[in-house]
Amino acid sequence: MSVHIPAPAVPTSYDEDDISRSSDASEEDNKELETFDDWIEEERPCKSLFDENILDSATLAIEYDTKTHAFDISEVSKRLGLDFFQRARLINHIRRELGQKPLAPELANLTGKEAFLSDDGLLKPTLEDDPLLELELPGDSDDEEDGNPEAGTSAESTKDKGLAKKVKKLEAQLKEAREAVQQMRQLVQGRLNLLEPDSEKAAPEAPRDDDSHYFNSYAYNEIHAAMIQDTVRTSSYSKFIQSNPLIFRDAVVMDVGCGTGILSMFAARAGARKVIAIDASDVVTKAKQNIKDNGYEDIITVIRGKVESLEKLPDDIPYVDVIVSEWMGYCCIYESMLDSVIVARDKFLRKAGVVAPGPDGEDETKEAGLMAPSQCRMMMCLGETFDIIRERIKYWDDVCGFKMTAMAEEVYDEAVSEVVKEDCMLGEAATVKDIPVQHIAIKQLDFVAPFTLTTTRSGELNSFIVYFDTFFTTDGKDLEPDAKVELHKGDWAPGEVLQLGRRNSEGLDGHRRQKSVDSIGGHSRKSSRDLSGPPPVEQGAITGEPLSSVPESISPPPPPPPPAPPAPAVLTAPVGILSPPVRRPSLRARSASRRGSTAGLPKSVSFSTGPRSMPTHWKQTVFLLREPIRVRKGTTVSGTFHCKKSKDNSRELDVEIHYVVDDPSLSTDAGEAKEMIVQMFKVR
C-alpha cells in the first residue's frame, strides 16, 4: 500500500530509542489480582546456628541443629522460660560468639540468668534478615515488662491459634474443591470432545521455525546449477582465491554455507592447509562426494549443521585465517545468511595480535583474519521499467477478453526480481547501505537510510531499482566512498556453463589431482570466454590495472597477401614508411604479460549486480510504484529507505520507501510543504 503525508511529518533519521520505546501501562493495569496466597508469608532459607549449612526454612534449621549439634533452640527457650527478646539475644549471641564452633559448655549449662540475656546490644541481628529471629514459638510473650515467662498462653494468643487452624482447614477444603472442578472439566472434555477455551494458553507454543524451509530449498541441484553457472559470481570468487596465494597458501579457511563445495575446493587448490566447510542443507552429502572425487578429502572437512551451533573447530584448530562465503541474497541481505557469517566471524576468525609462526617459521604478530567478500554496498536508482509493468501489471487488463486486474493488486506490495536493462535507469545510483563485513554487527542490518537521487533524463518514474556491489579486498580495510566497482560486460543465460581452466597440472598446492575435471558438472564444451586468467576490467576499476593502450603509430594488421606467384616477388615499402606494419599484441598476450609482472602480489576483485554490468542470477530487486510520476531531467527524489527483518519470518524483509519528488523547473511557494509518499513492500 502507499499513503500520502505531509513531508515534515516523517523524520529523515531515527533514534534507536524512539523505535524501541513504547508506552508503559500503568501499575494498576499490570498489577495482578491479590489472592489468599499473597497474604501468607513464604518461608525463607535459614542458616544453621553452628555451621554453614543453609536449610529451606527456620523450622528445618531448628530440626537440623537438634539432630546434628544436639541443641534445640525451641526446647531451650521453653525450659528456661525465655521471652521473645531473650531468645533473640541468645540467637545473636550464638551466631556472634560461638558460630562455626563445637557446642560450647556454657550452652549445655544455661540457667536463664546469664548476663548476655539482658544485653540490649544483642538485640541487633548478627545475621541480617535472620529467619530464626522472626519465628514465633510457644511460650513467646507479648509483654516483656511483666517478666512472667508463662504469659505466652494469654487468651489473645489462644484466639490467634484458633483462627490459624480455621484458615488451614479452609485452605484444604479450597484445594479439594479446585481438584474436583478440574476433574469435572476433564470428564466433560473427554465425553464431548471439547477444547478448553484457554488450552492454547496452557500449552506452550512451539518455537517458530524460519530455517527448515530455507535449508531444504538448497537441497536440490537446480539452485546450485544456477549459482555456479553465474559467470560473474563464480569467476569472481575463483579469481580472488586463486590469484592470492599469499593469503590462502598454508591458511585455515572456513566456508560458511559451502553448498556443493566449490569455494572450498578453490581454497584447497590455492594451497590452503585446512578448509572447514559447513552447511545445514542436505546438499552436504553431495559436497562430500565432490570433494572426495577431486582428491581433497584430506584437506577439506565437511560439517553438517548451523555455524551458530558449532562450539569448536575440528582437530583442535584455534582459529581460521580466512572466511569465504557466498551469503548474498536478493536485495543483498534477503535470507539473512549474513547473520550466520557474522556469528562465524566473531567466534572463529583470527583476532588481531595473535602470535603465530610466519612463512619463515619465525613467530610473528598476525593481523586480523580476512572476510571474503570483505564489503558490499546496497545501491538504489530511479527506474523506468515499462517491460516489468507490462508483464506483471498490464497483462491482467485483458486476459482472453476478460478483465482480471484484481490479480495485479498484490504485485505492488512485493518486490520483484528481474533483469533490468541499463536504459531503464533514470539517473545514477546511490548507496543506501554500506556493509563492511569485517566488522558490521547483526543489529546494524535493520536500518533506516536517507537517499537523494537525481534524474539525468526525462521519463516516467515507476519504480526504484536496488542491487548491490561486492568487493574482495586483500587487507579487509573499508573502501573509500568513491571506490569503483568492476563492470563485467556481456550477456548471460541461465543455461550457460562456466569453464574454469587449471593454472597448472599440479595446482598451487603442489599436489597432483589425477581425478579432477576441467569443467563444472562434467561438461567439456568451451565457454564464451576463457576464464583461466583475469578477465578484462574497465578503466578505474579497483580490481587491477587498466588495459594498456596501443600506440597510435602502430598500424593495424595488413590484409593477408595474395597467393605467391611461381617466381618470388620483391616487395618494396612505400615512400614514408620507415618500418613494416606490426601486428598489435593480442589481449591474451597482454594479460599474460601483466600477470607475469605482478605475479605474487595481492589482487583485489569486485563485481556488480547492477543494470550496467553483466546480468547475474541475483538480477535486480525492483520496487514498483503504485503512482508513477512524470519527471524531467534534473528532478530530485529524496527520502528514506527503511529495511528490517520481517516479524513473520526473519529471513524475509519488510521495506518502506518514503520519498518526495522535487522538480526544480516547477515554481512553488516557498512556504508550501511538499507531499511525501510512503509505500510498503515485502521482499520474499
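This briefing covers the nonpolar cores and one open sheet with its helices. The model is predicted: local features need pLDDT of at least 70, side-chain atom pairs count only at pLDDT 80 or more, and totals for chains, interfaces and linings use all residues. Residues are numbered from 1 along each chain as its sequence is written, and side-chain values use heavy atoms, with hydrogens and water left out.

**Nonpolar cores**

- A nonpolar core is a set of buried Ala, Val, Leu, Ile, Met, Phe, Trp, Tyr and Cys residues joined through side-chain atoms within 4.5 Å; buried means under 20% relative accessible area (1.4 Å probe, protein chains only).
- The largest nonpolar core has 99 residues, and M254, F464, F623 and F641 have the most contacts inside it.
- Another core, of 24 residues, lies apart from the largest one and includes F50, Y64, L90 and L110.

**Open sheet**

- Five strands (DSSP E runs of at least two residues, numbered from the N terminus) form an open sheet with parallel pairing, in the order β6-β5-β4-β7-β10.
- β6 (300–304) and β10 (370–372) are the edge strands, each with a single partner, so one side of each has no neighbour in the sheet.
- Strands β4 (residues 252–256) and β5 (residues 274–279) pair over five bridges, where pairing requires at least two DSSP bridges.
- V252 has K274 in β5 as its bridge partner.

**Helices on the sheet**

- Helix α14 (residues 262–269; helices are DSSP H or I runs of at least four residues) touches β4, β5, β6 and β7 (322–324), contact meaning heavy atoms within 4.5 Å.
- The direction of α14 makes about 175° with that of β5; axes are lines fitted to C-alpha atoms, for helices over the stretch in contact, and angles run from 0 to 180 degrees between N-to-C directions.
- Helix α15 (residues 284–293) lies across β5 and β6, at about 170° to β6.

Conventions
Buried < 20%, exposed > 50% of the residue type's maximum accessible area, 1.4 Å probe, protein only.
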